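Here is a short report on a structure. Look over the sequence and the coordinates before reading on.

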Amino acid sequence: MSLEVPKELEKEIDERITHYPESKRSAVLPVLHALQHHFRYIDENAVEWAAAKLDLEPIKVLEVVTFYPGFRQTAPGKYHIRVCRTLSCAMSGSYELMESLCEKTGIDRSGVTHHDPIAVSADGKFSIEFAECLASCGFGPVCMVEDDFHEAVTDVDELLKQYP
Amino acid sequence: MSGITYKSGREPHPKEHRVVFKNIDREGWDTSIDTYMGEGGYDQLKKALTMEPTAITNEVKTAGLRGRGGAGFPCGVKWTFIPPNNTKPVYLICNADESEPGTFKDRYIIHQDPHQLIEGMIISCFAVGAHLAYIYIREEFPEGAQILEKAIAEAHEKGFLGKDIQGTGFDLEIFVHRGAGAYICGEETGLIESLEGKRPYPRIKPPYFPAAMGLYLCPTIVNNVETLCHVKHIMELGGEAWAKTGTPNNTGTRILCVSGDVKNPGYYEVEVGKVTMGEVINDMCGGLKEGRELKAVIPGGSSAKVLRADEVFKVGRGDDTRELTIWDIPMDFDTLAACGSMAGSGGVIVIDDSRSISWVLNNINNFYAHESCGQCTPCREGSLWMKKITDRVVAGKASPVDIETLEGVARNIDGRTICAFGEACSWPTESFIDKFKDELVSDTNSEMEEALVNPESVTAAANLG
């Protein structure tokens, strides 16, 4: 199966590639970001499409996808949540935040592993994972919902209400 | 600061000296180029464009500006490492991967004062002869990436980027490149590999010193966000005047990011070496939480060696030797190094007596095990072993022997890897064992030894899970 990439998205991707006049391969990350933003995760078809776009063997794209925690290989929920796990946030309660978010969204993280870090709620509305340091250590606990950043999260109900 | 109003509750502390953070949390300030230019923005670029590039580099050298990303290497000296007979293109990369745990300063520059960074970058590019530059920004700053792209577009419109900048014949393009959540991309050669579209496996130095063989094997200067911002201020004051702030060999200001067990964590820009750890914790951050006592401080991001609250540090040489308590340590590069740690990225993590040392170390070990790129065996295996052992300690399933093993693993990583991640991941464990061995051992259980020695036994299966 091939990937149906909308014309607008392909135009945006083609423009991004021009930022790297010395080497098209440099555009792997931006191309994958654009695809993930649109399709929500990177599947085999996206890898092949990106590889063809950049004149690369698909393995050169796949090895990048599997390395970086920022690329997902499975479908997340409608709203993907990343909770900072690292020291300063953990000291201000990020593990408790994770527990509370899972409880309120009905997510079961028992199947989570290093290679499969994302857990999705049964209704597909939310997904969640721990992220390493989100660089707002003075104002923890911190999480991201999609591209939105939330600091000092104490009221989980209030947070989730913003995502209908 | 005179004439500037800050948002209520976000006012700088009186002991701060705001230069790079002058416009952070400022009332009426926004990210537009008009606001920036209304306060003399891009004037320093215009001045720099009339100078000889080498004269700019000399000002930065005179200023003694040391890199604010972690290593504290003199910025101007780094610039001169570009081979003099070079005929290849030169690139400049702004390292905005800000990922050292405990560090959160670049975030505010990018989100609130992007043009300061862009101006610093253009001046720096002119100085080193770069015509193509990238801002490598961590993926977790999606809004920051958009703000920077808008700022770049505005600078283009005003003729500060593109072809023939301000009629000088100097061409420059800056692009924003988003990372994808890997800590190792903060390491400059890993960053370069990532920017080339590969896995960010760091390169070995020598020969791959970026200033000689960096991006596409061409001379490449990689500087931190805060460092590049300072270049603009060095232009404004001149290197000599700029160097009057701070202390000798530790010049200028830097942003301390304080997190952990203090009343008012946050960011504080101070003259380097002019405030002590005690002033940072007790005055600027309002002290420890009620009824708590200081246990430890990690002074420069999570890879910096931990300092114990009751240590006495001997610094200086010969007749100049002084004894310092943790509270007396001036926050500068050289003293923190003399105390056996480092100023690193400016991320100060304060730990009080309510915390378990084993838990803190385990959290750090989890981070490094997750972030090792896997290229070098001592680091890939060692970081995971250290995590597994401290996992056992916090679960109450470790034997006292585990602490010996932990130490052995840690001491066989640093110095044996391609990049400094080896040090970054082993220094926490080494220093926690040096300073808190008793507490780590007290969290172990001697009955677990049987399980470790005889892992096939039934007891082992039950205990080690």
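The sections below cover the domains, the chain contact and one helix of this predicted model.

## Domains of chain A

The domain assignment splits chain A into domain 1 (7-67) and domain 2 (79-161). Their C-alpha centres are 28 Å apart.

## Contact between chains A and B

Chain A brings 31 residues to the contact, and chain B brings 40 residues. On the chain A side, three elements give two or more residues: α2 (28-39), α4 (58-67) and α5 (87-91) of chain A. By class, this side of chain A holds 17 nonpolar, nine polar and five charged residues.

## Domains of chain B

Chain B has three assigned domains: domain 1 (33-244), domain 2 (247-352) and domain 3 (357-464). The C-alpha centres of domain 1 and domain 3 of chain B lie 38 Å apart. These two domains are in contact, with ten residues from domain 1 of chain B and eight residues from domain 3 of chain B. The domain 1 side of that contact has seven nonpolar, two polar and one charged residues.

## Helix α9 of chain B

Helix α9 of chain B covers residues 225-237, 13 residues in total. From first C-alpha to last, α9(B) reaches 19 Å. The expected value at 1.5 Å a residue is 18 Å, so the two are close.

Is α9(B) mostly covered or mostly open? Mostly covered: eleven of its 13 residues are buried. The buried residues include B:V225, B:L228, B:C229, B:V231, B:I234 and B:M235. B:E226, B:K232 and B:H233 are also buried. After α9(B) comes B:G238, with a positive phi near 90 degrees.

Definitions and conventions
Residues are numbered from 1 along each chain as its sequence is written. Chains are lettered from A and ligands numbered from 1 in the order in which they are written. This is a predicted model: local features need pLDDT of at least 70, side-chain atom pairs count only at pLDDT 80 or more; totals for chains, interfaces and linings use all residues. Two residues are in contact if their C-beta atoms, placed from the backbone, lie within 7 Å. Helices (H or I, at least four residues) and strands (E, at least two) are DSSP runs, numbered from the N terminus. Ala, Val, Leu, Ile, Met, Phe, Trp, Tyr, Cys and Pro count as nonpolar, Asp, Glu, Lys and Arg as charged, and the others, Gly among them, as polar. Domain bounds come from an automatic or database domain assignment. A residue is buried if 20 or more other C-beta atoms lie within 10 Å of its own, exposed if 12 or fewer, and partly exposed in between; C-beta atoms are placed from the backbone.
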